[in-house]
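The following exercises invite the reader to study one protein model step by step. Each task is followed by a worked solution.

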Amino acid sequence: MRLNRNIMVVVAVCATGLLLALGLYVVPTDLSTSGPAPASARAGDPNGSLRVSGDPLAAQSVELSASEFQQFKVKPAGERLFTIQREAVGIIDFNQEMSVPVFPPVQGKIITLFDRAGDDVQQGRILYTVDSPDLTQAGSSLISAAGSLRLTTRVLERAKKLYEVQGISQKDLDQAVSDQQAAEAALQAARNAVRIFGKTDAEMDRMIAERKVDSVLVVRSPITGRVTARNAAPGLLAQPGTTPAPYTVSDISTMWMVANVAETDFPLLRLGQEVNVSVNAYPDRIFRGTIVNIGASVDPTTHRISVRSEIRDPKHELRPGMFATFVIRTGQAVRSVAVPLNGVVREGDGTMTVWVTADRKRLVKRSVKVGLQQDGLAQIIEGLQPGELVASEGALFLSNALTAASR
């Protein structure tokens, strides 16, 4: 009896172990049946033909049917020259070195204004007129000097005739000559004084002939350009050198582009370098210029340095205050593999990827190293060879499909 009882205990223990073993085998099978979809499940495809492989031990890929593949643009990776350049933003301004404040030569009240801000003027054009007491005084002196010269000239002529008949002495003749020469010098000085006010020789001759002083001072534009500021009004007292000037005229054949460049790019800059400037107002235009000034100090807050470029603007299209982008070439161009920007995806971990295919059916995600971005193309430094087929559009959709399938 005791032997039979021991045999039964042994049999019961063996049966229990067998059931536990069977249970451990069955549970994973049931879980796999009711758990996530297999690796070939559909991901973002209404027709159920797009198949995603999310095996972490294999290359991540997506298989497309022939009809689906037509919806993606696939093209060979090409090569192009990428220019080593730097960019900065800034604003357009007048060329301050070619801007001239137009002051009157003497104090006076403004009478008439002829141009407004924004008007284009030629050199010598009348901008405004001034009623000048100083001009009145100078004109009076001119008329007086001219009268003295006429008088001394007649006296000298009579003295010469009297001297011929011994009517006067040599001393009297010499005195007459001296007086006439002094009158000539006084007249010349008076004419020079009036000429300072902008009067021409013809205008001075008319003042002398009519014995009438013209007190209206005409102020003309010293250069050809555009009126960039007008701070005058009729009746306003204008004085030389007292700011603001009644008018400011600027030569607009060239403009300034003032950019703030990162201090890390400072060693790459030098005077005379060619720059390309684009503005929002003309997105398809490139304006050419050169660097004419590099700031002497760095802003301690922004750690940027001011760089001024002189931009050629023959059509006078640029306006001060325009937002502009400054692009400067800082090195030799390099030839590299190029992929359209739409074919490059930035993953959540910061890596850059492209989708590559060899059979136009399976697309494989591949990590690459991206460099410059120019003209809608990304420079691929590592991870891709020229001629390999890459998805030039739709890469983001493929990455999203792979991410959704792996969840």
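Helices and strands are DSSP runs, numbered from the N terminus; a helix has at least four residues and a strand at least two. The model examined here is predicted.

**Exercise 1. Locate His 303 and Arg 211, and describe their backbone and exposure.**

Step 1. His 303 belongs to the loop between strand E16 (residues 282-298) and strand E17 (residues 304-312). Arg 211 lies in the loop between helix H5 (201-210) and strand E10 (216-220).

Step 2. Most residues other than glycine have a negative phi, and most peptide bonds are trans. His 303 has a positive phi, near 55 degrees, and Arg 211 has a positive phi near 50 degrees.

Step 3. A residue is exposed over 50% relative accessible area, buried under 20%, and partly exposed in between. His 303 has 43% and is therefore partly exposed. Arg 211 has 56%, so this residue is exposed.

**Exercise 2. Find a cis peptide bond and place its proline.**

Step 1. The bond that runs from Thr 243 to Pro 244 is cis, with omega near -5 degrees.

Step 2. Pro 244 is in the loop between strand E12 (237-238) and E13.

**Exercise 3. Give an overall account of the protein.**

Step 1. The secondary structure consists of six helices and 24 strands.

Step 2. The protein has 407 residues, of which 35% count as buried.

Step 3. Among contacts with a separation of 6 or more, 71% are between residues 24 or more positions apart.

**Exercise 4. Identify the aromatic pairs and classify their geometry.**

Step 1. A pair of aromatic rings is described by the distance of the centres and the angle of the planes. The count here is two aromatic pairs.

Step 2. Tyr 128 and Tyr 247 have ring centres 5.5 Å apart and planes at 10 degrees, and the pair is stacked. This pair links distant parts of the chain, with Tyr 128 in strand E9 (residues 126-131) and Tyr 247 in strand E13 (residues 247-250), 119 residues apart. Both Tyr 128 and Tyr 247 are buried.

Step 3. Tyr 282 and Phe 287 form an edge-to-face pair, at 6.2 Å centre to centre and 65 degrees between the planes. Tyr 282 has 26% relative accessibility and so counts as partly exposed, whereas Phe 287, at 3%, is buried.

**Exercise 5. Which charged side chains lie over aromatic rings?**

Step 1. Arg 80 is positioned over the face of Phe 82, 4.8 Å from the ring centre.

Step 2. Arg 308 has its charged end over the ring of Trp 256, at 4.0 Å from the centre of that ring.

**Exercise 6. Describe the largest pocket and the largest cavity.**

Step 1. The volume of the largest pocket is about 210 Å³. Its lining includes Thr 83, Glu 87, Ile 286, Val 327 and Asp 375.

Step 2. Strands E5 (85-94), E15 (274-279) and E22 (362-374) each contribute at least two lining residues. The largest share, three residues, is supplied by E15.

Step 3. By residue type, the pocket lining divides into three nonpolar, six polar and two charged residues.

Step 4. There is one cavity of 30 Å³ or more, and the largest cavity holds about 30 Å³ of space. Gly 198, Lys 199, Glu 203, Val 218 and Arg 220 line this cavity. Its lining comprises one nonpolar, one polar and three charged residues.

**Exercise 7. Determine whether Arg 191, Ala 391 and Ala 358 are buried or exposed, and describe their surroundings.**

Step 1. Arg 191 is part of helix H4 (residues 170-195). Its relative accessibility is 13%, so Arg 191 counts as buried. Apart from neighbours within four places in sequence, Arg 191 contacts Leu 142, Asp 201, Met 204, Asp 205 and Ile 208.

Step 2. Ala 391 is in strand E24 (residues 389-391). With a relative accessible area of 0%, Ala 391 is buried. Beyond its neighbours within four places in sequence, the contacts of Ala 391 include Lys 73, Trp 355 and Leu 398. Pro 76 is 315 residues from Ala 391 in sequence, yet their C-alpha atoms are 8.7 Å apart.

Step 3. Ala 358 is located in the loop between strand E21 (352-357) and E22. Ala 358 is exposed because its relative accessibility is 80%. Its C-alpha atom is 9.0 Å from that of Val 390, a residue 32 positions away along the chain.

Notes. Residues numbered from 1 in each chain as written. Predicted model: local features only at pLDDT ≥ 70, side-chain atom pairs only at ≥ 80, totals over all residues. Heavy atoms only, no water. 1 Å grid on protein atoms, 1.4 Å probe; cavity = no way out; pocket = protein on both sides within 12 Å on 5 of 7 lines; lining within 4 Å. Points joined across faces, edges and corners; volume = space filled by probe spheres on them. Nonpolar A, V, L, I, M, F, W, Y, C, P; charged D, E, K, R; others polar. Phe/Tyr/Trp six-rings, centres within 6.5 Å; stacked < 30°, edge-to-face > 60°. Buried < 20%, exposed > 50% of the residue type's maximum accessible area, 1.4 Å probe, protein only. Lys NZ or Arg CZ within 6 Å of the ring centre and 35° of its normal. Contact = heavy atoms within 4.5 Å.
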